[in-house]
Amino acid sequence: MTALIGLVSNATGNSTRKKVPLWELLWFSVVANTSITGMNLSLMLNSVGFYQISKLSMIPVVCVMEWILHSKHYSDKVKISVLVVVVGVGVCTVTDVKVNAQGFICACVAVLSTSLQQISIGSLQKKYSIGSFELLSQTAPIQALSLLLFGPFVDYYLTGKLLASYKFSSAAFFFILLSCSLAVFCNISQYLCIGRFSATSFQVLGHMKTVCVLILGWLLFDSELTLKNILGMAIAILGMVVYSWAVEADKQTESKVSPLPKEASEENVELLKQQQQSDGSPLKDVELGKSQP
């Protein structure tokens, strides 16, 4: 569905198609498909509690991978706020924790591939100066085609059931179509958020979804909401607020101490040289960076 909307948007001229090397798109699609497969296998083989723990581990994993790949550093305020979010979501979601060897391996693969995929979304947008929807419209067709080709065989290997044996009903078809349509907005929001902010910010924001699921489950479906859930949600929301403040404070600090770009300083020196020549003053003062009398 995402690929179809992207193709229609490009055909109608509502979005522009910028050049991204095919090998980059193929590599990204492999990582993204591994993420999807790994997360589903992790949920199938592990308990829900361990699955939630593996999702919570993505924030520190993303931070470490951004530090390794892009030499990105985080202030103590950001680290503390991320820890508060992880603790809060863990308190309100993690219950039974059961793990086995296969499930643990799948969880590790899922966490690493998902973290790498989200970091790659931001780096590809910056590297090729491409918008979030333009990048999504180029990666989605490759992902869709590869999953349609290999997905049924993987399903049969894992479950022993053919996809064609599923009996479609009108209700099932409607909800599958509705799910795919909503997934388009989910995919677009992911690319937008990571492109505008960072993979770490997307992970922190993503845990707000967990809080909303718990609240809406209580409001719409009479799901149980315990004091432990409420306490965990309060801690998580507090961590998100602190994270927003910490990131904004770091931006202001960087803007104050960031040096003048080399290109700008050279341009200013050239303008000063021209001004001194027009005034008949010696150039050596400008070249040596001395103040004029």
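Select Val184: this residue is buried, with a relative accessible area of 4%. Buried means under 20% relative accessible area, exposed over 50%, and partly exposed in between, using a 1.4 Å probe and protein chains only. The model is predicted, so local features need pLDDT of at least 70 and side-chain atom pairs count only at pLDDT 80 or more, while totals for chains, interfaces and linings use all residues. Numbering starts from 1 along each chain as its sequence is written, and side-chain values use heavy atoms, with hydrogens and water left out.

**Stop 1: Val184 and the N terminus**

Stay on Val184. Its place is in helix H8. Helices here are DSSP runs (H or I, at least four residues), strands are E runs of at least two, and both are numbered from the N terminus. Now show the contacts, meaning heavy atoms within 4.5 Å. Beyond residues up to four places away in sequence, Val184 touches Met1, Thr2 and Ile5. Add Gly6 to the selection. Val184 and Gly6 are 178 residues apart in sequence, yet their C-alpha atoms are 9.8 Å apart in space.

**Stop 2: the whole chain**

Zoom out and colour by secondary structure. The protein chain has 12 helices and zero strands. Read from the N terminus, the order is α-α-α-α-α-α-α-α-α-α-α-α. Of the 293 residues, 35% are buried. Take the contacts between residues at least 6 apart in sequence: 81% of them join residues at least 24 apart.

**Stop 3: the annotated spans**

Next, select residues 25–43, 49–68, 142–159, 171–192, 204–221 and 227–246. An unreviewed UniProt entry annotates these as "transmembrane region". UniProt positions are in the numbering used here, feature names are shortened, and annotations may be inferred rather than shown by experiment. Look at two of the spans. Residues 25–43 are 100% helix and 0% strand, with end C-alpha atoms 27 Å apart. Residues 49–68 are 95% helix and 0% strand, and there the end C-alpha atoms lie 29 Å apart.

**Stop 4: Ser54**

Ser54 sits in helix H3, residues 48–56. Is Ser54 buried or exposed? It is buried, at 8% relative accessibility. Turn to its side chain. A polar atom there lies 2.6 Å from the backbone oxygen of Tyr51. A polar contact is a pair of N or O atoms within 3.5 Å; within protein, one must be able to donate a hydrogen and the other to accept it, and residues adjacent in sequence count only if both atoms are side-chain atoms. Outside its neighbours within four places in sequence, Ser54 contacts Ser42, Ala107 and Val111.

**Stop 5: Gln143**

Move to helix H7 and pick Gln143. This glutamine is buried, with a relative accessible area of 12%. What does Gln143 touch, not counting residues up to four places away in sequence? The partners are Phe28, Ser29, Ala32, Asn33, Ile36 and Tyr191.

**Stop 6: two serines in loops**

Most residues other than glycine have a negative phi. Select Ser71 for a positive value, about 55 degrees. Ser71 is in the loop between H4 and helix H5 (76–93). Its relative accessible area is 52%, so it counts as exposed. Then jump to Ser129, with a positive phi of about 50 degrees. This serine lies in the loop between H6 and helix H7 (132–159). Ser129 is also exposed, at 52% relative accessibility.

**Stop 7: Met233**

Go to helix H10 and select Met233. At 7% relative accessibility, Met233 is buried. Its contacts, leaving out residues up to four places away in sequence, are Gly88, Cys92, Val211, Leu214, Ile215 and Leu225. Draw one distance: the C-alpha atoms of Met233 and Ile215 are 9.4 Å apart, with their positions 18 residues apart along the chain.

**Stop 8: the second largest pocket**

Finish with a pocket: on a 1 Å grid over the protein atoms alone, an open set of points where a 1.4 Å probe fits, with protein on both sides within 12 Å along at least five of seven lines. The second largest has a volume of about 750 Å³. That volume is the space filled by probe spheres set on grid points, which are joined across faces, edges and corners. Of its 29 lining residues, the closest to the centre are Lys72, Phe197, Ser198, Ser201 and Val247. Lining residues have an atom within 4 Å of a point.

Which helices each supply at least two residues of this lining? Show H4 (58–70), H6 (101–127), H8 (170–196), H9 (199–221) and H10 (227–257). H10 gives the most, with eight residues. Colour the lining by type: 12 nonpolar, nine polar and eight charged. Here Ala, Val, Leu, Ile, Met, Phe, Trp, Tyr, Cys and Pro count as nonpolar, Asp, Glu, Lys and Arg as charged, and the others, Gly among them, as polar.
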